[in-house]
Amino acid sequence: GLGEHRAKAERMYSLMDGFLKNDPISLQKDILHHVEYTVARSRFSFDDFEAYQALAHTVRDRLIERWHDTHIYFKRTKPKRLYFLSLEFLMGRSLSNSVINLGIEDQCAEALNQLGFEFEVVAEQEGDAALGNGGLARLSACQMDSLATLDYPAWGYGLRYEYGLFRQIIVDGFQHEKPDYWLNFGNPWEIERIHVTYEVKFYGTVEEVEMNGEKQKVWIPGETVEAVAYDNPIPGYGTRNTINLRLWAAKPSSKFDLEAYNTGDYINSVVNRQKAETISNVLYPDDRSHQGKELRLKQQYFFVSASLQDIMRRFKEEHTNFDELPEKVALHLNDTHPSLSIAEVMRMLVDEEHLGWHKAWDIVCKIFSFTTHTMVTDGEKIPVDLLESLLPRHLEILYEINFNFLEELKKRIGLDYSRLALLSIVEEGAMKSIRMANLAIVCSHTVNGVSKLHLERLKTKTFKDFYGLYPEKFQCKTNGVTQRRWIVVSNPGLRDLISKWLGTEAWIRDADLLSGLRDHLDNADFHLEWKMVKKVNKMRLAEYIEAFLTLSLLQVSLDAMFDVQVKRIHEYKRQLLNIFGIIHRYNCLKNMDKDSRRKVVPRVCIIGGKAAPGYEIAKKIIKLCHAVAEKINNDTDIGDLLKVVFIPDYNVSVAELVIPGADLSQHLSTAGNEASGTGNMKFLMNGCLLLATADGSTVEIIEEIGEDNLFLFGAKVHEVEKRRQKRLSNLAPLQPAKVPLHFARVLRMVRDGYFGHKDYFKSLCETVEFGFGNDYYLLTSDFGSYLEAQAAADKAFVNQDKWTRMSILSVAGSGRFSSDRTIQDYAESTWKINPCRCPL
Ligand code: KOT
């Protein structure tokens with residue numbers, strides 16, 4: 001009865017009363033225990049890396065405890081769960097983040113201290129988990145942190161790539177890629193679940209069989225691979241809740257072994273086993289280009305199949321009737337990459353659970369939501385040929401979904417074949433293929449954009465026709481980033497300063513409180529401390545630059561403005577505009593007399609980012625950056641007035657160092673190209689001023705802090721199309737007066753070999769020249785406005801009082817860009833899930 005139930009609950013809660021203690025002595029004991037028994041080193045002699053491993057395992061134990069408690073609690077309360085499906089997560093390092101979220105940083109630091117170690121040094125031993133490319137993947141990581149912190153009953157699902165995003169090394173100014181074998185020294189942050197495995201099937205044929213007098217399709221697969229779960233605990237901040245990021249690794253199925261006996265070809269079958277593992281071997285390094293490769297499709301399905309088997313198993317453990325699925329399960333598609341899930345759920349419900357097509361379809365339409373991260377119309381497509389051989393049953397299901405969709409559509413819009421062709425999930429033509437975005441939109445109850453501007457573009461351009469059909473599906477969920485990692489972990493000086501002046505640490509769970517900093521806007525002491533924090537961060541960054549780039553013996557001045565552009569290299573992000581601006585600045589300096597030079601604000605221009613290995617133009621941008629740096633940095637006449645630094649191998653941990661040390665950051669995408677941008681938010685939170693176009697989420701940053709507190713430039717979204725037309729038409733003069741003159745001069749310098757490598761840079765120059773690339777991203781027409789914004793930044797920097805006010809107002813206005821706000825919005829209006837807080 002009830003009493004028995006209560007007694008059982010009480011027993012459980014008392015067991016849940018964590019038994020690992022968090023005082024420095026207990027932590028120290030555990031660290032030494034792990035040095036001896038996990039790392040297997042003598043507790044009398046171990047180095048920084050071994051100290052890292054031992055501390056990591058000490059923290060891991062505590063995470064596991066909370067992880068268990070959380071999951072027992074979820075199992076008991078059976079809330080509606082969110083499953084966040086993403087092929088990419090850029091987690092970065094875990095130690096500092098975990099220790100902070102567990103609230104044991106001081107204790108850990110003290111425990112280490114007494115053993116003769118320093119926490120920061122130990123934390124730096126950890127390598128990044130880089131299982132993703134860029135913005136989309138880091139967003140997933142920020143969102144996991146918010147889901148845990150806000151106590152949502154959520155799970156993340158992803159792939160455990162053995163090789164994460166390639167490491168970038170620079171040789172002679174050229175990018176080279178090195179594999180990132182990140183699991184080399186073991187990974188203490190994952191728990192291998194050798195018993196949580198599922199079979200994933202590929203290839204084969206579809207046959208029709210009679211079952212209970214009805215015809216039923218069955219898929220007879222040709223190949224089986226096993227998926228093994230690796231769990232990565234995600235601790236919330238200020239809560240006991242610790243959720244799970246479950247990543248799948250491929251391993252050969254025991255079915256492979258059977259074949260070996262059958263064919264007698266032992267050696268070959270062992271070699272073949274190896275092939276299974278290649279599925280989760282390596283992350284595709286292309287930021288948003290889809291190549292229709294079979295291995296990529298295999299990865300997607302492997303991920304989808306394993307995750308959905310796991311999700312369905314859990315659902316069936318807790319519930320008996322599939323009608324309950326929409327009340328208990330929300331499946332979120334992070335871009336189109338996991339959208340095969342739709343066909344897979346249909347297959348499971350129809351072929352395996354025998355639900356009947358219409359009933360299954362009804363359920364499917366209630367459980368999926370979808371976020372798109374791109375402005376472009378030309379989205380992910382899967383060639384039908386590939387699907388036909390790899391997933392024949394799924395192809396049939398996709399055809400049937402499309403058939404039903406088009407039939408419905410005909411009833412609504414009539415036989416307008418050109419429109420039907422546009423909306424169709426199947427693209428006919430030379431290369432027949434499945435349009436994943438169309439599939440996701442048709443089957444999801446919500447389609448989310450990642451900024452207001454992005455949503456507007458989705459409605460009026462990218463998915464205009466779909467918006468006409470389903471206006472209620474389209475929603476805006478402006479991105480956010482977690483202030484735990486982007487302030488608390490990466491900028492401890494600012495964290496302390498904010499907490500001191502707000503008189504509370506509550507902003508770490510409620511970023512809106514940051515607006516309270518405005519109360520101290522004119523306080524001289526506050527200003528002084530604020531500037532001091534920035535200075536210390538600039539010192540850290542300068543040390544890194546000087547240590548890393550010893551080859552060029554570069555020294556940077558702390559009085560200089562640290563001007564930063566770090567992100568993936570893309571033409572639309574216009575790193576080239578930045579470099580052209582630098583060359584122009586150099587020209588101006590060269591033409592200045594001594595007197596004028598004295599008034600110049602010294603600059604350190606920092607650029608960092610990876611180019612996709614096959615993206616030639618992006619690679620040339622990196623080389624140009626180095627060529628320009630070499631010329632300028634070695635010009636003794638220029639001295640400290642201008643330095644150019646390329647930071648190699650930009651990743652999450654480098655970002656944690658660079659962002660807090662930046663004075664100015666650049667976000668230069670041609671308006672209408674960056675769906676949101678999240679780097680801008682990280683810089684904003686760190687009191688770095690933005691120099692940016694009115695693109696993506698920057699438009700909303702302006703709403704929060706006002707146009708006066710950043711340096712805005714360039715064509716607005718509505719002007720871009722006109723300017724492009726103008727560039728191409730013969731009627732309008734191509735080169736109005738003065739400003740393009742500067743641009744032309746800079747371009748000519750690069751083209752004529754002023755920075756060497758004339759032939760190599762030719763095709764790069766052509767992207768902005770007429771009759772060639774036609775300057776699609778409008779560098780020419782934005783150049784004048786860009787230089788004006790740069791001049792405004794110089795001017796503002798001279799007035800340190802004004803600059804500090806702008807910096808304070810940036811942080812004070814950053815509350816809306818916490819991923820906590822984004823996640824709460826998703827939870828309430830898209831997923832319909834409630835917090836489920838594990839008792840302490
Ligand atoms: C990659 C492949 C296909 C489609 C989209 C992408 C993609 C988009 N990868 N990263 N993004 C970025 O996602 C961020 C988070 O929403 C945005 O802030 C940013 O604007 C996107 O470029």
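**Exercise 1. Into which domains is the protein chain divided?**

Solution. Start with the ground rules: residues count from 1 along each chain as its sequence is written. The model is predicted, so local features need pLDDT of at least 70 and side-chain atom pairs count only at pLDDT 80 or more, while totals for chains, interfaces and linings use all residues. Now the split: domain 1 is 18–77 + 101–124, domain 2 is 78–93 + 128–478 + 825–831, and domain 3 is 488–817. These bounds come from an automatic or database domain assignment.

**Exercise 2. Work out which element gives the most to the side of domain 1 that touches domain 2.**

Solution. Step one: 14 residues of domain 1 are in contact with 15 of domain 2 (C-beta atoms, placed from the backbone, within 7 Å). Step two: helices H3 (48–77) and H4 (95–102) each give two or more residues to that side of domain 1 (helices are DSSP runs of H or I, at least four residues, numbered from the N terminus). Step three: H3 wins, with 12 residues.

**Exercise 3. Find where the ligand lies relative to domain 2 and domain 3.**

Solution. First, grab the shell: 17 residues surround the ligand, and the closest are Gly 135, Leu 136, Arg 288, His 373 and Ser 676 (C-beta, placed from the backbone, within 6 Å of the ligand). Next, sort by class: four are nonpolar, nine polar and four charged (nonpolar is Ala, Val, Leu, Ile, Met, Phe, Trp, Tyr, Cys and Pro; charged is Asp, Glu, Lys and Arg; the others, Gly among them, are polar). Finally, domains 2 and 3 both give residues to this shell, so the ligand lies between them.

Definitions and conventions: Contact = placed C-beta atoms within 7 Å.
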